[in-house]
There are 2 protein chains.
Amino acid sequence: VAVGDELLLGTTVDTNGAWLGMELAELGVPVLARHTVGDRVEEIARGIREGLERADLVVVTGGLGPTHDDVTREAAAGLLEAPLRLDPELESRLRGRWRSRGLPFPETNLRQAMVPSGAELLANPLGTAPGLLLSAGGGRIVILLPGIPREMRGIWNGAVVPLLRERWGGRLSRLHYRVLHTTGIPESRLAELVEPLFGMEVPRGVEVAFLPRITGVDLRLSAAEGREEGASRLLDRAEGALREVAGRWLFQAASGDLVDAVAQALKRAGASLVTAESCTGGLVAKRLTDRPGSSSWYCGGIVAYDNRVKVRELGVPEALIREHGAVSREVAEAMVRGAAERFQVEAAVSVTGVAGPGGGSPEKPVGTVWYAAQVGDTVRSRVETFPGDRVDVRERSAQAVLALLLRTLEGGEVPTPPTGGAW
Amino acid sequence: VAVGDELLLGTTVDTNGAWLGMELAELGVPVLARHTVGDRVEEIARGIREGLERADLVVVTGGLGPTHDDVTREAAAGLLEAPLRLDPELESRLRGRWRSRGLPFPETNLRQAMVPSGAELLANPLGTAPGLLLSAGGGRIVILLPGIPREMRGIWNGAVVPLLRERWGGRLSRLHYRVLHTTGIPESRLAELVEPLFGMEVPRGVEVAFLPRITGVDLRLSAAEGREEGASRLLDRAEGALREVAGRWLFQAASGDLVDAVAQALKRAGASLVTAESCTGGLVAKRLTDRPGSSSWYCGGIVAYDNRVKVRELGVPEALIREHGAVSREVAEAMVRGAAERFQVEAAVSVTGVAGPGGGSPEKPVGTVWYAAQVGDTVRSRVETFPGDRVDVRERSAQAVLALLLRTLEGGEVPTPPTGGAW
């Protein structure tokens, strides 16, 4: 239960829920649902009550501060019939804190020393409001935590996890998971390849989730410990099977960012990279230089947005542009060769396309992009018709040319672009 | 109702809920609660049902994709007793989309053409799954939207808002508001200038909210209709007063993006722009070319990440780099002059700095950035020490050099950078 008008109004994005979700997943505690409610006693009580009807544990974040709209204590106390009482030790600690700063104690802050009767205090190393643990009967637990992420995490790690391990040790499992990153294949086509393996090559006990992003689809594999076969063995088998059918679209990067895979490959090859961009207009360079340390494998590039820049700065023959158009295999390859030669480096990429919304034609509709990668003497080029708006086309183009560079650096097979479709 | 195992597991942070919260607040529709549920029919149905018990509108995001775990359609159809049927028009549109790209249609995608009977389709300009609107009796509405934020927003803005205005026009509030965009001044300093005006020059009845972003602070002014003085008159007075004290940091762009103000100024001046970037590594070029039509005022640029590129491509004398270092007024100005001359254009910008995390020194700590703008014969340069991490420093640098270019184009005063301080 996440408490706060600011969460419903949208002026604050709730990150506590996701953080707790990951923590609970690691403990093997499945999260049934998350309720986000406003700063009102009856709404908070409703959230807790609905949780207790179905779950053994309800974690509430927010509403423990000193101001009049912090009413989580009141809501829990009312619901669990555990009237609030002033905790003398908390009170003296609070008063001491203000005294030590030479400040008068604001009496409104006494709210933070009010505790539902029977509640256990969970130490807050980073703030004034402690966490609170209440019993709700039938072994069920309600935990109240502050909404400030740092304080919430401090209490969780320092007090809640040890307490859950102590009480629920036997029931807690460890969910293991790993993520495989793909790029260049639409979600639906990946599903066609992968779903027939479920329950067979991808063994039962392994859950596979598809996480689509504009730059590619991640596959999240998860398995719970405690079966006859260990979770990591199950995951190994599943991963092997998935690599078998989708290996050509997979790349390896702990961050999930293809740029990191490219950086590794460039470093292994001892190569330095240059970029020549038309429709992506600096986006490829920007993504590369987002990474700290990119200067060791990226030297710079040309944004050749205007055709005159392609001619003057990249040595693309004017006749080539006249004959084939700026969006063509010939120009993409001339750009990549011109860039590699001009900068005297081993690796280069180029992109030229119609990002839209204008500029399309029947033969070259919006989304048509030619891109090329050069490594040593090898030049590979591809064309795709990317779906989506200008932002999409540019993002997809940048990702596609980096994938082409990666395969070219690895000397591996370059999958045929699955042009279009529901990416 | 936000749908997705990844939201409960915490591998994805839900940003849709906050975005919708703000949109609904603008329409004057209070959000009672938000439920986050997993990819299971009964959980999604429970979320919708609990919403319908209390609210007139239930918005569901997520679970409309083509894979087996996308079951929002099934949940809504079951709950509202509106059996799914294949929509022939959607089907042919889907099949056509694949055919036009010469690909076989994956039958699993037919899921996306299944529609609860009686549902209205809400056009999705950016993806394959349309939004769906269902009646739940008693004037109550259920709206199903994809979870991908861009698609969700596209449908919301394009189809849902007009529809709600049409049906609920009288019940929606008419809050008037306008947004003033500042850049180059920290929130706390802006507050010091602006807050003393509240209730005086900024009349009562006008609310002013500070919306800080990395590239600047927006001021949102709002006033409700129906007072003795019209809302827009009140807003005019408030805006005038704010311009008086903060005009030097304001810029005008309906989008809120400084690039649009720069584009207008370049078009007015009939000037074409070139970029020369070191630490921003293509980010300035990328931001410029994000805008459709940028080719009419932006011709291209050099990403001079490596010093050798500064020398060879921008004509920066090697001796200058040796003597003053690459991060210096001298090099920033040589870069901007070199770029303008080389590309033979009227306007140019350059950036050279220490984005971090490495590369800092006692005299030039991480965050030190020199940047310059040239318009005709006028060259202006500035140095700042930006706070934050690599991403922050790069974003702030790109914004700062565009602001300098804008002031130089306008021939106006260039505010002294408020170097340091709480940005």
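## The interface between the chains

Let's start where the two chains meet: chain B and chain A bury about 5900 Å² between them, and 54% of that area lies on carbon and sulfur atoms. Please keep in mind throughout that this is a predicted model. On the chain B side 69 residues take part in the contact, and on the chain A side 75 residues do.

Polar links cross this interface as well. There are 40 residue pairs in polar contact between chain B and chain A, counting pairs with both residues at pLDDT 80 or more. On the side of chain B that touches chain A, strand β14 (residues 298–304) of chain B gives the largest share, with seven residues. By type, the residues on that side of chain B comprise 27 nonpolar, 21 polar and 21 charged.

## Charges and strands across the boundary

Side chains of opposite charge can pair when their charged atoms come close. Eight salt bridges are found across the interface of chain B and chain A. One of them joins A:Arg54 to B:Glu43, with N to O at 2.3 Å.

The backbone joins in too. Strand β2 (residues 33–37) of chain A pairs with strand β2 (residues 33–37) of chain B, in the antiparallel sense and over five bridges. If you would like a spot to look at, find A:Arg34, whose bridge partner in β2(B) is B:Thr36.

## Salt bridges within chain A

Over all chains, the structure holds 46 salt bridges. In chain A, the side chains of A:Arg287 and A:Asp257 form one, at 2.8 Å from N to O. A:Arg287 belongs to helix α10 (residues 283–289) of chain A, while A:Asp257 sits in the loop between β12 (250–251) and α9 (258–269) of chain A, so this pair ties together parts 30 residues apart in sequence. A:Arg287 and A:Asp257 are both buried.

A second pair sits within one helix. A:Arg396 forms a salt bridge with A:Asp392, and their closest N and O atoms are 3.8 Å apart. These two residues are four residues apart in helix α14 (residues 390–410) of chain A, which means that about one helical turn separates them. A:Arg396 is buried at a relative accessible area of 9%, and A:Asp392 is buried at 2%. Elsewhere in chain A, a network of salt bridges links A:Arg178, A:Asp236, A:Glu239 and A:Arg243.

## A loop-to-loop pair in chain B

Chain B has a salt bridge between the side chains of B:Arg291 and B:Asp257, 3.3 Å from N to O. B:Arg291 is in the loop between α10 (283–289) and β14 of chain B, and B:Asp257 is in the loop between β12 (250–251) and α9 (258–269) of chain B, so the pair ties together parts that are 34 residues apart in sequence. B:Asp257 has a relative accessibility of 17% and counts as buried because that value is under 20%.

## An open sheet in chain B

Strands of a sheet pair through backbone hydrogen bonds, either parallel or antiparallel. In chain B, four strands form an open sheet with antiparallel pairing, in the order β10-β11-β9-β12. The edges are taken by β10 (207–213) and β12 of chain B; each has a single partner strand, so one side of each is left without a neighbour in the sheet.

At one of those edges, β10(B) runs antiparallel to strand β11 (residues 216–224) of chain B, and seven bridges join them. Within this pairing, B:Ala209 has B:Arg220 as its bridge partner in β11(B).

Methods. Residues are numbered from 1 along each chain as its sequence is written. Chains are lettered from A and ligands numbered from 1 in the order in which they are written. This is a predicted model: local features need pLDDT of at least 70, side-chain atom pairs count only at pLDDT 80 or more; totals for chains, interfaces and linings use all residues. Side-chain values use heavy atoms; hydrogens and water are left out. Contact means heavy atoms within 4.5 Å. Buried area is the accessible area (1.4 Å probe) that two parts lose on being put together, summed over both. A salt bridge is a side-chain nitrogen of Lys or Arg within 4 Å of a carboxyl oxygen of Asp or Glu. A polar contact is a pair of N or O atoms within 3.5 Å; within protein, one must be able to donate a hydrogen and the other to accept it, and residues adjacent in sequence count only if both atoms are side-chain atoms. Ala, Val, Leu, Ile, Met, Phe, Trp, Tyr, Cys and Pro count as nonpolar, Asp, Glu, Lys and Arg as charged, and the others, Gly among them, as polar. Two strands pair if DSSP finds at least two bridges between them. Buried means under 20% relative accessible area, exposed over 50%, partly exposed in between (1.4 Å probe, protein chains only).
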